[in-house]
Amino acid sequence: MRTIVPPVACVGEPRLTAGFAEFGRLDLAAHEEVHGPIGPMEPAQLLRLAEGMQLKGKGGAGFPFARKLRAVLESCERQDLAAVVVVNATEGEPASWKDKVLLTRAPHLILDGAALAAYALDAEEIVIGVADDGVGRESLMDALAERRMPVPATIVTVPHRFISGEGGALVNGINGLPHIPPGTKKRSSDSGVGGLPTLLSNAETYAQLAVAARLGPYEYAALGTDDEPGTLLLTVTGAAARPAVVEIAAGTPLREILDLCEVPDVQGILMGGYHGKWITPEAAEKAEVSRKGLAAVGGTLGAGIIVPVGVDTCPLGEAAQVVRYLAGESAGQCGPCKMGLPDLARAVDLAVAGSQPADVVRAAAGEVKGRGACSHPDGTARFALSAIEVFADDLRMHSTGDGCGRRVKGVMGLPGAPDANPQKLTLDWSRCDGHGLCAHVVPDFIRLDGNGYPAFPATPVPTWLREGALKAVKVCPELALRLAKAE
């Protein structure tokens with residue numbers, strides 16, 4: 001369970017994080033003192049605001065909020081049905097904390113935005129989805145008890161899994177179905193919670209709407225860029241000496257954020273989270289943090305996550321752990337996820353072990369891209385391909401079977417600890433007679449060289465091949481093969 005919310009920092013003027021230094025958590029009285037009053041808006045007024053501030057979803061996809069709002073309004077009129085407003089505060093990615101910060105310290109901003117949308121849509125209900133890790137739920141319940149919402153508001157708890165935050169999975173969970181994507185492309189604006197037109201957006205998105213409703217689109221745009229006005233929240237973890245959730249104006253140089261969080265020399269930086277992309281240290285020096293700015297250096301804003309990897313860990317090993325995690329987080333209901341992602345994880349592992357070339361990773365990624373029932377296969381493939389591109393020099397060192405000489409420290413924010421007992425194969429050449437049985441038992445890791453003797457990487461055996469390696473040790477007739485702790 002995640003219980004300790006990281007510190008909050010700000011570069012420039014605070015908006016979402018205003019009042020944090022003075023009050024810690026803003027109850028209703030503190031919230032109104034810091035942010036001031038807010039009134040309801042008619043549909044056309046709210047649409048103009050969303051369009052004027054160019055509000056895009058903050059959950060990762062970046063879909064324009066005004067288009068969602070208009071689609072729900074049109075669907076309600078076409079079907080003569082009431083609407084439902086859903087706040088996605090599940091934040092299923094382990095490396096992300098920004099929505100948890102809003103839940104625990106500024107819950108009324110989220111509720112303000114949801115109330116604005118519910119009033120404009122004449123909605124039947126507001127539903128707020130939170131994860132079952134316990135972080136933020138109590139704060140949200142206290143906030144709801146302090147105020148009167150325009151319509152009934154309920155909290156729904158979903159499993160803390162990566163895919164639980166996918167929009168279709170959240171709607172399924174609210175409807176009492178398994179918390180997995182529906183398997184077919186569905187528009188929640190047509191049929192979502194209870195079959196009603198549903199406005200579904202991320203917690204930060206609603207909070208930004210509440211800020212802009214008070215400022216107006218022009219004052220809101222006083223910060224940020226012409227293309228991306230306003231501020232945004234980032235989670236900075238990984239090698240940062242001071243990990244934090246940071247509020248910045250869009251367009252802030254990435255270097256400022258790295259310095260603020262005391263990030264040391266790095267080999268690469270993951271931008272956007274586990275479905276994001278890696279960038280090089282050179283790209284980081286000239287990157288500006290916005291969708292457009294990061295795309296210019298090969299990165300992505302994604303879910304607002306920055307994970308720098310320092311020079312004291314194996315970056316490819318770190319990436320391989322994430323790909324294995326993402327394969328395990330599959331809903332298992334379509335071929336690209338059920339079979340393609342384990343194949344991709346296997347290909348990355350073997351490339352890191354020096355047993356297969358990078359082309360195998362590219363082929364495995366190509367088998368899943370664009371073919372899934374949701375975006376999970378695409379995001380996982382993007383992450384893996386980006387890793388082998390940015391860490392190409394490391395991959396060449398791994399291709400020799402000797403690795404890069406660094407251990408995997410587990411800095412990517414994955415649940416649980418890294419492999420506490422890494423093991424590697426060793427061979428007593430004075431005993432080995434080249435029977436070749438070991439290569440038949442675990443061919444993915446042990447090959448026979450030109451003389452018929454076993455050859456395998458000097459790197460630790462991947463955990464999913466550990467059982468096979470142990471069997472290879474047991475079948476060796478000369479007791480030449482050993483599985484020992486990796487130093």
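Reader: What do the buried residues of H17 pack against?
Author: Helices here (H or I, at least four residues) and strands (E, at least two) are DSSP runs, numbered from the N terminus. Packing is a matter of contact, that is, heavy atoms within 4.5 Å. By that test, the buried residues of H17 pack against strand E9 (266–271), helix H13 (315–328), helix H14 (335–353), H15 and H16.

Reader: Before we go on, what kind of model is this?
Author: Residues are numbered from 1 along each chain as its sequence is written, and side-chain values use heavy atoms, with hydrogens and water left out. Local features need pLDDT of at least 70, side-chain atom pairs count only at pLDDT 80 or more, and totals for chains, interfaces and linings use all residues, since this is a predicted model.

Reader: Okay, which residues of H17 are the buried ones?
Author: Buried means under 20% relative accessible area, exposed means over 50%, and partly exposed is in between (1.4 Å probe, protein chains only). On the face of H17 turned away from its buried side you'll find the exposed residues Asp393 and Arg396. In helix H17, residues 392–399, the buried ones are Asp394, Leu395 and His398.

Reader: How do we know that they are on the same side of H17, and what arc do they cover?
Author: The arc is that of the directions from the helix axis to the C-beta atoms. The buried residues Asp394, Leu395 and His398 are on the same side of H17 because they cover an arc of only 100°.

Reader: Let's try H7. Which exposed residues sit on the face turned away from its buried side?
Author: Start with the buried residues of helix H7 (137–146): Ser139, Leu140, Ala143 and Leu144. They cover an arc of only 135° around the axis, so they are on the same side of H7. Their cover includes helix H5 (98–105), helix H6 (107–121), strand E3 (125–131) and strand E4 (153–158). The face of H7 turned away from that buried side carries the exposed residues Glu138 and Ala145.

Reader: How do H15 and H16 run, roughly parallel or roughly antiparallel?
Author: Axes are lines fitted to C-alpha atoms, for helices over the stretch in contact, and angles run from 0 to 180 degrees between N-to-C directions. Angles under 35 degrees count as roughly parallel, over 145 as roughly antiparallel, 65 to 115 as roughly perpendicular and the rest as oblique. The axes of H15 (358–368) and H16 (376–390) come within 9 Å and cross at roughly 160°. That angle makes the two helices roughly antiparallel.

Reader: How many charged residues are there in the contact of H15 with H16?
Author: Ala358, Val361, Arg362, Ala365 and Val368 of H15 meet Pro377, Asp378, Ala381, Leu385 and Ile388 of H16. Ala, Val, Leu, Ile, Met, Phe, Trp, Tyr, Cys and Pro count as nonpolar, Asp, Glu, Lys and Arg as charged, and the others, Gly among them, as polar. So the contact splits into 8 nonpolar, no polar and, for charged, 2.

Reader: Is Ile388 buried or exposed?
Author: Isoleucine 388 belongs to helix H16. Leaving aside neighbours within four places in sequence, isoleucine 388 is in contact with Ala358, Val361, Arg362 and Leu395. Its relative accessible area is 5%, so isoleucine 388 is buried.

Reader: H13 meets H16 too, right? How many nonpolar residues does that contact have?
Author: The axes of H13 and H16 come within 10 Å and cross at roughly 170°, which means the two are roughly antiparallel. Leu316, Ala319, Val322, Val323 and Leu326 in H13 meet His376, Thr380, Phe383, Ala384 and Ala387 in H16. The contact has no charged residues, 2 polar ones and, for nonpolar, 8.

Reader: And H2 with H6: roughly parallel or roughly perpendicular?
Author: Leu28, His31 and His35 in H2 meet His108, Leu109 and Asp112 in H6. Helix H2 (28–35) and H6 pack with their axes 9 Å apart, at an angle of about 75°. That makes the pair roughly perpendicular.

Reader: What is the relative accessible area of Lys98?
Author: Lysine 98 lies in helix H5. Not counting residues up to four places away in sequence, lysine 98 touches Lys58, Glu91, Asn202, Glu204, Leu233, Thr235, Val245 and Ala303. Lysine 98 counts as buried because its relative accessible area is 2%.

Reader: Last one: is aspartate 80 buried or exposed?
Author: You'll find aspartate 80 in the loop between helix H4 (65–79) and strand E2 (84–89). Its phi is positive, about 55°, although it is not a glycine. At 69% relative accessibility, aspartate 80 counts as exposed.
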